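Student: I'd like to learn how to read salt bridges and pockets in a model like this one. Can we go through it together?

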Amino acid sequence: MIKHKMEKKTISLSIFSLFILFLPLEYLTVVVEAQETPIPVKIGVVVDMDLYVGQMGISCISMALSDFYASHDYYKTRLVLHTRDSNRDVVAAAAAALDLIKNVEVQAIIGPLSSAQANFMINLGEKSQVPIITFSATSPSLSSIRSPYFIRAALDDSSQVGSIAAIIQAFGWREVVPIYVDNEFGEGIIPFLTDALEKVNARVPYRSVVPPLATDDQIVAELYKLMTMQTRVFVVHMLTHLGARLFAKAEKLGMMSGDYAWIITDGMTYELDSIEPSVMNSMTGVIGVQPFIPKTEEFDNFKSRYRKKIQRNDLNMFGLWAYDSAIALAMAVEKARVGVNSTFLRTNISRNSTDLERFGVSSTGKELIQALSNTSFRGISGDFKLVDGQLQSPPYEIVNIVGPGARVVGYWTKESGIVRDLNFTNANTSNYSTSKSNIGSIIWPGDKTSPPKGWVVPTNGKILKIGVPVKDGFSEFVHITWNPNNIPEAGGYCIDVFDTVMEALPYGVPYEYVPFATSDHKTAGSYDELAYQVYLGNFDAAVGDVTIVANRSQYVDFTLPYTESGVSMVVPIKDDKSKNAWAFLKPLTWQLWLTSFCSFVFVGFLIWVLEHRINEDFRGPFWHQVGMVFWFGFSTMVFAHKERVISNLARFVLIIWFLVVLILTQSYTASLTSMLTVQQLQPTVTDVTELIKNNEYIGYQMGSFVFGLLKNMNFNENRLLAFNSTEELDELFSKGSRNGGIAAAFDEIPYMKLFLAKYCSKYTMVGPTYKTDGFGFVFPIGSPLVPDVSRGILNVTESKKMIDIEKKWFGDRTKCPDSSTLFSSNSIGLESFWGLFLIVGIAAASALIIYAIKFLRENWHVVDRSGHELTIWSKMNDLLQRFKNRDLSSHTFKNMENRDRESVCGRDCMKRAAESSNEHDFQFSPSTFSVASPCTNGPPSPDFSSPDARNVDFEAMQQEIELVNPNQNEHLPSTC
């Protein structure tokens, strides 16, 4: 019994021990399993279930979470989706969001699809601190809400306006009509698109708004309205289902022809694959833009798996953004540690509060939105990085719809503009291009290969009324004629220029000319009054010879001028027939005459200095030498000097001087010949002050602003006479100021040139030109046509068309020589020859310096002498005396000495003299031989054997010989 109890006790202890042994292991297993179980995080999804974009978004979000957690199984959190249908209704979307926040207590909401639905949901998210993440609401207006809990995991619609504007600029279209849906999505892009178009000088003349639920009749009515306008470039911004209906109706109305250009935004370009083939065929030639998607292996893999799962091949950008937004949210939830303890904090609410006030505030909303804003990764749509709560703009593709699909014809980037191929490694940020050469070949509507010009003449557009002045004279500029049916016709230079400019505009502007005249076909007022009629709106513009002046620009706008500007004076010219006795002095100015005279004297003096000691022709009495200086200098003018020049320095100076003299004399001869033979025409008046001082009569054109200008110049109003035509002006000039005519006329340069073209031999344009801005076309202030017409003026004035128009109305002005060429040429001045005189001066100074150095070197013993009584003046006087004497060491006097000796005593005498000189041991010189040789009958020669005899002046002795027996050479014996 006891043994049995003991066994039973032992069994109980064993069971208890096993229970105690396995209890910790089971407890630990439960704890570990509890720790490894992922934490579910509730996420709401609000989309339109009946729309393909909504279905595609849910599918892509589910695939994204499945793919992400498969590769990130170590994550402690798992997103749990709670889907709601917004039923394409703003209220339904708000109710779904409210239900998810209040009842489900989701930590974030992905959606909605449309911008209109997102507007209210953003406010709910901010109040509850629940992030609202949209992958398809692209309206730029949502950014203005500036909620920190709104994330746009998509591109703002405004990011594409740069690419659209670049396309329009590339093809030179100047007017664009946007066609957009009348809701939050459509209106949001318009301000940004308009600003971008203005930057490329394209204007928006009309905005076409289509209701979201428009019927076919409403669409057709709007298209008919567009057909009546001149603009043929349209930018379509609406959802795909509405845009497809628009293009289908446009094709039936013939608006898919070669005259039209259609551009669609990325909202439709994304979903081209979902459009029916029949509609796609009607859209042939349409240009579209869409973000560039890098073609990666991950993208191709996902696209293939999506096609297999959904059995559709129309995955677009919205599905890619949905995929990336789900992954970003999963990463942010893990990073923010949103877990089981995430709750909604209830606020104090009253009993009378509504359901909108009875939801709490997320406890982890701030951490989650911060983590989401800092999340970045490489998604299948490209780089996912949020800046200010939205994705940044990538490069855009430019596509051309051809047949059932679209092909890429170019790219656009913010840095480089339009490019043929993308180059991310060497992006050129310095050159922004909008050249259409960077766009590939495009098939335009109507299967055209050339781009449409973008405008046509409208069927019922407004016709501009262009005011034209009526005037009696100067009809070459503008004139009005009435045909037998009393219908006015405008013509003239100004009219042709305006017509040519308007034809060159990139769009059509219908207009008609309306004379500014009374019922009897007379002028209705001045040009100021014509411009004022434009200001009042009676005319849409004014065309004619209307000058751009300051007072008119205060109430109208002017285009750029198309003529020369300025007011000038015209006076008669007369032939100066008085050829006075001093006409030979006119070819040269007095400065050149004086310089030439001084140069001749200086050259003569310099040659005398260089030749005086070695050339007998430059020696003699004082006045003889003075005369030689003037004679030799001026004789070089006609190269008539007979004196032989010995010094090389003198020859060097004369070579240069002869060149100067040759040029100077030839120029003088040519100028004098012209003055004596060519007709001498001079203006009768050259100074305005002379006209005012003499109280002369002055002419001006009737109705011109020049009348006021002359009054401001202090001309007497009573001395101003008006003229209406060139013939009348010529008649006033012919009468003269003292006989009821005028002495001068003031008018604008175009009129004066026309007048001179007819009377070029009688009048000339003189005096200063008073600045004006020329002729321009008049438009109301702020008219959009002004910049385009101004550019057209530049194009026309720089082309050959302007020359043809001028020849048509003004003739060939080259047939009439310029009056300035009829005047006598001005006298030749020193400015034409100062270079030659400078060369002569340098050569002469160099020769004089070299000669002075040589002379001082030969006579340095005079300068170097020392003595108490020797002064500087005595040394200079001694040097002057030595300069006066002959340079006996010169080869000229040596040759003369030898000839004289041979002629006096013969060679034998010279030989004996040489022997005698050797015996007495001193140098033989001309003073050592006998004056009367043994062969002559004269007295014996003195004995110069003593050293003192060496200082005998040979020159004095020679003169004495000549005085004693000047003809002794004639009586020499034949033996001598």
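Student: How many salt bridges does a search of the whole structure find?

Tutor: The general idea first: side chains of opposite charge can pair when their charged atoms come close. Bear in mind that this is a predicted model. Searching the whole structure turns up 20 salt bridges.

Student: Let's take one. Which side chain does R203 meet in a salt bridge?

Tutor: That of E175, with N to O at 2.3 Å. The two sit in distant parts of the chain, 28 residues apart: R203 is in the loop between α6 (184-199) and β7 (208-210), and E175 is in the loop between α5 (161-170) and β6 (177-181).

Student: Is E175 buried or exposed?

Tutor: Buried, because its relative accessible area of 4% falls under the 20% cut-off. R203, at 28%, is partly exposed.

Student: What about a bridge involving helices? Where do R245 and D216 lie?

Tutor: R245 and D216 form a salt bridge whose closest N and O atoms are 2.9 Å apart. R245 belongs to helix α8 and D216 to helix α7 (residues 216-227), so this pair ties together parts 29 residues apart in sequence. Here R245 counts as partly exposed at 28% relative accessibility, and D216 counts as partly exposed at 35%.

Student: And E564 with K753: how many residues apart in sequence are the parts they tie together?

Tutor: Their side chains meet at 2.6 Å, N to O. E564 is in the loop between β24 (557-558) and β25 (567-575), while K753 is in helix α22 (residues 749-758), so the parts being tied are 189 residues apart in sequence. E564 is partly exposed, with a relative accessible area of 42%, and K753 is partly exposed too, at 29%.

Student: Which residues are joined into one network by salt bridges that share partners?

Tutor: R174, D788 and R791.

Student: Now the pocket. What is the volume of the largest one, and which residues are closest to its centre?

Tutor: With a pocket, look at the volume, then at what lines it. The volume of the largest pocket is about 970 Å³. It is lined by 33 residues, and L51, R88, L239, T240 and H241 are the closest to its centre.

Student: Which helix gives the most to that lining?

Tutor: α8, with 5 residues. At least two lining residues come from each of α2 (52-71), α4 (115-128) and α8 (240-252). Sorted by class, the lining has 17 nonpolar, 10 polar and 6 charged residues.

Methods: Residues numbered from 1 in each chain as written. Predicted model: local features only at pLDDT ≥ 70, side-chain atom pairs only at ≥ 80, totals over all residues. Heavy atoms only, no water. 1 Å grid on protein atoms, 1.4 Å probe; cavity = no way out; pocket = protein on both sides within 12 Å on 5 of 7 lines; lining within 4 Å. Points joined across faces, edges and corners; volume = space filled by probe spheres on them. Helix = DSSP H or I, 4+ residues; strand = E, 2+ residues; numbered from the N terminus. Nonpolar A, V, L, I, M, F, W, Y, C, P; charged D, E, K, R; others polar. Salt bridge = Lys/Arg side-chain N within 4 Å of Asp/Glu carboxyl O. Buried < 20%, exposed > 50% of the residue type's maximum accessible area, 1.4 Å probe, protein only.
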